[in-house]
Amino acid sequence: MNLYEVDFSSNAHTPNPCTDAFANHKSTEFEVPIRHPELCFVDGSVAILCGRQYFLVHLSLLSLHSTILKRMVEAAFKDDTSQRIEGRPALVLPHMPGEMYIFLKAIYGLIKQTDVTPFPIASALLRLATIYEAATVRSEIIGLFQATWTMSLPQWEIREKNATDTDGVYSPRDSMAHPIAVVDLARQTNVPELLPSAFYDLSRYLPSQLSAGYTDQDTGVVHYLSQEDLFRVFRGKEQAARYFSTFIVKELEGRVASEWCHNRAELQPARKRRCQVAYEAVTYALIRDVNGLVLNRNSDPLYAISDSLLMQTRDDLPGLDNRATVRACEACRLEYAAVVEAAREEFWRRLPEWFELESP
């Protein structure tokens, strides 16, 4: 069965692992369970029924990955009145068949990383791995999420580069889940490691966009941030903007040339001030936020700090509006590069503080 053909359009049947209790619902006498075409092993010792579809799997493998499933199956074996399918005790679980299919495939080691790249599949797998405390599966899928929603600044740069096209235009929603969905998933499954980058991603949206939520294109359902998280985003956005404005004042406005500036020995005043003029131009460009508007990167202080260096180092290409008319010398650029790197690392490190998140 192709995973992309499995229905993951709704999580309505997936309980919240923190609040919902397990319910041992039994099929009515009018429902005829349907055998799953793939995950039904001849020597399977237990049946798992989700909706009208059932799986025949091995108790030994379930027990190895999940003590919760082990206890549930053992209780079903001891209960003479429990529902049976093909002579095996049956666990009736409140999940969609597609969700259980991907979870069981992960337990059996029959799944590839490319299979769980789509967010609906990955999120369903993480939810079930959390509910049933399948530590190995949970750890693997969290690692997959952390490739995009990372706590590492270098990994974040890779993610941002992958979401930027050849023209330099940033389009993250073409390849990544909406951060509101990621925040919701991280809250449900207790994965705080995903929150700092998700909150920073949200802070780059306009307040009106944040308040309106986002609409799932598959289901048409509108998802919203909780009021508490919405205010966290607003406060964190303000802190990030304040840090950026302080960076401009402290590191760019009136910036003097390096001690090793190549233009220090120039006799003509205009040439001697060349590097200072270059950074005055950078300051003006940042305040105007020209590159942010053109490249869909406005309201992105982390990018803007980096771009303040790129304006002085990127190659001049014909037709580019942001072409540097005056460049600082190599010594001044290297000195400023160290300042930019330190500022960005501090910026990234302070995200949990700004968005009022617990350190993972």
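Here are some questions and answers about the sheet and one helix of this predicted model.

Reader: In what order do the five strands of the open sheet lie?

Author: Happy to start there! Strands of a sheet pair through backbone hydrogen bonds, either parallel or antiparallel. In this sheet the pairing is mixed. The edge strands β1 (34–40) and β4 (84–85) each pair on one side only, and the full order is β1-β3-β2-β5-β4.

Reader: Which residue of β3 is the bridge partner of V46?

Author: Look at β2 (residues 46–50) and β3 (residues 53–57), which pair in the antiparallel sense over five bridges. L49 of β2 has Y54 as its bridge partner in β3. For V46, the bridge partner in β3 is V57.

Reader: Which residue takes a positive phi in the hairpin of β2 and β3?

Author: The hairpin has two residues between the strands. The phi to look for there is near 65 degrees, and the residue that takes it is G51.

Reader: Which residue in β5 does L49 stand opposite?

Author: Now turn to the pairing of β2 with β5. These two strands run parallel and are joined by three bridges. Within β5, L49 stands opposite V92.

Reader: Are the residues of β2 that point either way buried or exposed?

Author: Good one to check by eye! V46, I48 and C50 point one way from β2, while A47 and L49 point the other way. Buried here means under 20% relative accessible area. The strand is mostly covered, with five of its five residues in that class, so the word for those pointing either way is buried.

Reader: What angle does the direction of α2 make with that of β5?

Author: Helix α2 (residues 67–78) packs on the sheet. There α2 touches β2, β4 and β5 (88–92). Its direction and that of β5 make an angle of about 130 degrees.

Reader: How far apart are the end C-alpha atoms of α2?

Author: Let's work out what to expect. α2 has 12 residues, and at 1.5 Å a residue they should span 16 Å. The model agrees with this, because the end C-alpha atoms are apart by 17 Å.

Reader: Within what arc do the buried residues of α2 fall?

Author: The buried residues in α2 include I68, L69, V73 and A76. Among the elements that cover the buried residues of α2 are α1 (59–65), α3 (97–107) and α4 (119–131), whereas R71 and K78, on the other side of α2, are exposed. Seen down the axis, the buried residues line one face of the helix, because they fall within an arc of 125 degrees.

Key:
Residues numbered from 1 in each chain as written. Predicted model: local features only at pLDDT ≥ 70, side-chain atom pairs only at ≥ 80, totals over all residues. Heavy atoms only, no water. Pairing = 2+ DSSP bridges. Helix = DSSP H or I, 4+ residues; strand = E, 2+ residues; numbered from the N terminus. Contact = heavy atoms within 4.5 Å. Axes fitted to C-alpha atoms, helices over the stretch in contact; angles between N-to-C directions. Buried < 20%, exposed > 50% of the residue type's maximum accessible area, 1.4 Å probe, protein only. Expected span 1.5 Å × (residues − 1). Arc of directions from axis to C-beta.
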